[in-house]
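Welcome! Here is a short guided tour of a protein structure for someone meeting it for the first time. Please keep the picture open as you read along.

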Amino acid sequence: MTPAAIKKGEGNLEVRVLPGKIPIIDVDGEIDHYVVPELESKIMAFINEGSASIILDFTDVSYIDSAGVALIILSIQRSTPLGGKVGLVVTNENVLKILEIVGITRLAEGFKLYPSVDVAIADMTGELRSEG
């Protein structure tokens with residue numbers, strides 16, 4: 001699958017897929033009701049094609065609204081029964097605060113928060129090794 005960019009409102013959606021690994025959905029800008037339908041379409045397409053786990057790279061996301069939060073929850077609900085999980089990469093303090101307020105950061109099953117895509121890939125593929 002080739003990378004695709006979709007521009008709606010203030011958001012920019014780019015999808016990167018590592019061959020043989022977990023799909024990474026890279027989102028820039030704001031995740032709001034303008035971007036969520038296309039983002040949901042991409043996420044559900046991967047899950048429906050057999051990718052139980054996905055990584056949502058929100059490193060460059062500056063804002064998320066309730067539609068974006070609902071999409072994260074939906075993604076977890078769809079991937080968990082398949083034995084997968086959603087890895088979420090968030091570095092923006094405002095976005096993290098919103099996720100903490102709504103309680104997503106306390107979810108243990110089917111979800112994990114990561115500081116970088118590299119750490120998410122390593123952990124979710126079982127390649128994360130402790131150094132020392």
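## A first look

In this protein, the accessible surface comes to about 7,000 Å², and 50% of that area belongs to carbon and sulfur atoms. Please bear in mind throughout that this is a predicted model. Of its 132 residues, 43% count as buried.

How many helices and strands make up the secondary structure of the protein? There are 4 helices and 6 strands. If you read along the sequence, they come in the pattern β-β-β-α-β-α-β-α-β-α. Parts of the chain far apart in sequence also meet: among contacts with a separation of 6 or more, 69% are between residues 24 or more positions apart.

## Helix α1 and the main core

A good place to begin is helix α1, which covers residues 36-48. Its 13 residues reach 18 Å from the first C-alpha to the last, close to the 18 Å expected at 1.5 Å a residue. Within α1, the residues V36, L39, I43, M44, F46 and I47 are buried. Seen down the axis of α1, these buried residues fall within an arc of 155°, so they line one face of the helix. A general rule helps here: an α-helix has 3.6 residues a turn, so residues three or four places apart point the same way. After α1 comes G50, with a positive phi near 105°.

Now look at the largest nonpolar core, which holds 28 residues. Which of its residues touch the most other members? They are I43, F58, I72 and L99. At least two residues of this core come from each of β3 (23-31), α1, β4, α2, β5 (86-89) and α3 (93-102). Helix α1 gives the most, with 6 residues. To see how I43 sits among its neighbours, leave aside residues up to four places away in sequence: I43 then touches I25, I54, L56, L71 and S75.

There is also a second, separate core, with 9 residues that include I22, I55, Y114 and I121.

## The two sides of helix α3

Helix α3 is a nice one to turn around on your screen. V95, L96 and L99 are buried in α3. Viewed down the axis of α3, its buried residues lie within an arc of 100°, so they line one face of the helix. What covers these buried residues includes β4, α2, β5 and β6. On the other side of α3, E93, N94, K97 and I101 are exposed.

## A buried aspartate in a loop

Next, find D65 in the loop between β4 (54-64) and α2 (66-79). Is D65 buried or exposed? With 14% relative accessibility, D65 counts as buried, because the cut-off for buried is under 20%. Not counting residues up to four places away in sequence, D65 touches I31, D32 and H33.

## Helix α4 and the salt bridges

The last helix to visit is α4, residues 117-124, where V117, A120, I121, A122 and M124 are buried. Just after α4, G126 takes a positive phi of about 80°.

Helix α4 also brings us to charged residues. Side chains of opposite charge can pair when their charged atoms come close. A search of the whole structure finds 2 salt bridges, listed here.

| Salt bridge | N to O distance |
|---|---|
| D123 and K85 | 3.7 Å |
| K112 and D123 | 3.2 Å |

D123 lies in helix α4 and K85 in the loop between α2 and β5, so the D123 and K85 pair ties together parts that are 38 residues apart in sequence. K112 lies in strand β6 (residues 111-114) and D123 in α4, so the K112 and D123 pair ties together parts that are 11 residues apart in sequence. Through shared partners, the salt bridges join K85, K112 and D123 into one network.

How accessible are these charged residues? D123 is partly exposed, with a relative accessible area of 21%. K85 counts as partly exposed at 25% relative accessibility, and K112 counts as partly exposed at 35%.

Technical notes: Residues numbered from 1 in each chain as written. Predicted model: local features only at pLDDT ≥ 70, side-chain atom pairs only at ≥ 80, totals over all residues. Heavy atoms only, no water. Buried < 20%, exposed > 50% of the residue type's maximum accessible area, 1.4 Å probe, protein only. Contact = heavy atoms within 4.5 Å. Areas by Shrake-Rupley, 256 points an atom, 1.4 Å probe, with all protein chains shown as cover. Expected span 1.5 Å × (residues − 1). Arc of directions from axis to C-beta. Core = buried A, V, L, I, M, F, W, Y, C linked by side-chain atoms within 4.5 Å. Salt bridge = Lys/Arg side-chain N within 4 Å of Asp/Glu carboxyl O.
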